[in-house]
Amino acid sequence: MKRELQLTFDGSHTIFIPSSGVTYHSKHGAIQESLHVFIEAGLMPVMQHQKEIHVFEMGFGTGLNTLLTLQAATKQQKKVEYTAVELYPLTKEEYEALNYGATLQLQNELEQIHTIPWERMEKINPFFSLYKTQTALQNFHSTQLFDVIYYDAFAPSAQPELWTKDIFSQLFSLLKDNGLLVTYCSKGEVRRAMQAVGFNVSKLPGAPGKREMLKAIKTNKNLL
Ligand SMILES: C[S@@+](CC[C@H](N)C(=O)[O-])C[C@H]1O[C@@H](n2cnc3c(N)ncnc32)[C@H](O)[C@@H]1O
């Protein structure tokens, strides 16, 4: 599959797939979007109340969400165990070209998260451990339940099979009670699929350039 490096408007890179016309992040700013959707709306509310957090990410991709989570965990001195699925990992040449390491001053960490072995939990620093698995989301099972899910699949127009009730039901069962799922997508169909499987869904302001995003909570009320 041919993939190209692109610059987004905040100066950070993303990857573009010409055959499907999709990018890994918003063209308005990759770092800006990841911080807004996944770190600020997903991770931070949980970090305020817990010392240890289990994060699950759909789509490791460039590792940007992972790197920003590592940065936040280290800064806040909170323990994060991070699990990510990725079916089509980037090549060495592709991840070495990314400018996130230089921009965030986390060059060693960017390299580490890409070079650690797949399929086992690896400690990156005292606050951050990472488990990457080259498994399709649809086949992912875990005995570990998660506090937060970063749902970063390609858009429903590109991969409709990843935005169905079945998928959201699978994600619902991966969460702890009161766990939350965040995604950049705000489509009505997606929101309704989440609600149909029991999530309590709210719309939040989107990252710059996007009107809205979704936050879905597995509240106790949903479980009655
Ligand atoms: C929007 S990109 C993720 C961007 C990533 N979170 C980042 O920070 O760079 C979607 C990712 O999902 C991966 N992917 C696509 N289908 C998948 C599947 N069925 N299971 C697991 N990963 C998949 C793609 O290879 C791609 O890396």
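A polar contact is a pair of N or O atoms within 3.5 Å, and this cut-off is a helpful starting point for reading the structure above, which is a predicted model. With the cut-off in mind, we can turn to the ligand and to the residues around it.

A backbone N or O atom of Leu 87 lies 3.3 Å from a nitrogen atom of the ligand, and this pair counts as a polar contact because the limit for such a pair of atoms is 3.5 Å. Side chains take part as well: in Glu 57, a polar side-chain atom is found 2.8 Å from a nitrogen atom of the ligand, while in Glu 86 a polar side-chain atom is placed 2.5 Å from an oxygen atom of the ligand. How much of the ligand does the protein bury? Taken alone, the ligand exposes 600 Å², and 97% of that area is buried by the protein.

If we now step back from single atoms to the whole shell, we find that 21 residues surround the ligand, and that the closest are Glu 57, Gly 59, Thr 62, Glu 86 and Asp 152. Sorted by class, this shell has 9 nonpolar residues, 9 polar residues and 3 charged residues. Two elements of the fold, the strand β4 (52-58) and the helix α2 (64-76), each supply at least two residues of the shell, and the space that the ligand takes is the largest pocket.

Helix α2 leads us on to other parts of the chain, since Leu 70 is found in this helix. Is Leu 70 buried or exposed? Leu 70 has a relative accessible area of 2%, and it therefore counts as buried, the limit being under 20%. Although Leu 70 and Tyr 82 are 12 residues apart along the chain, their C-alpha atoms are separated by 9.0 Å.

After helix α2 comes a loop that runs between α2 and β5 (79-85), and Gln 77 is found in it. The phi angle of Gln 77 is near 55 degrees, which is a positive value in a residue other than glycine. With a relative accessible area of 56%, Gln 77 is exposed, because the exposed class covers values over 50%. Gln 105 can be read in a similar manner: its place is in the loop between α4 (100-104) and α5 (107-115), its phi is near 55 degrees, again a positive value in a residue other than glycine, and at 70% relative accessibility Gln 105 counts as exposed.

Two further residues show contacts within the protein itself. Glu 94 lies in helix α3, which spans residues 92-96, and at 17% relative accessibility it counts as buried, because this value falls under the limit of 20%. The side chain of Glu 94 makes a polar contact with the side chain of Arg 3, at 2.8 Å. The C-alpha atoms of Glu 94 and Glu 4 are separated by 8.5 Å, even though these two residues are 90 residues apart along the chain.

Thr 8 lies in the loop between β1 (4-7) and β2 (13-17), and at 5% relative accessibility this residue counts as buried. Which atom does the side chain of Thr 8 reach? The side chain of Thr 8 comes to 2.7 Å from the backbone oxygen of Ser 12.

Note on methods. Residues numbered from 1 in each chain as written. Predicted model: local features only at pLDDT ≥ 70, side-chain atom pairs only at ≥ 80, totals over all residues. Heavy atoms only, no water. Near = heavy atom within 4 Å. Polar contact = N/O pair within 3.5 Å; in protein donor to acceptor, adjacent residues only side chain to side chain. Areas by Shrake-Rupley, 256 points an atom, 1.4 Å probe, with all protein chains shown as cover. 1 Å grid on protein atoms, 1.4 Å probe; cavity = no way out; pocket = protein on both sides within 12 Å on 5 of 7 lines; lining within 4 Å. Sits in = over half its atoms within 2 Å of the grid points. Helix = DSSP H or I, 4+ residues; strand = E, 2+ residues; numbered from the N terminus. Nonpolar A, V, L, I, M, F, W, Y, C, P; charged D, E, K, R; others polar. Buried < 20%, exposed > 50% of the residue type's maximum accessible area, 1.4 Å probe, protein only.
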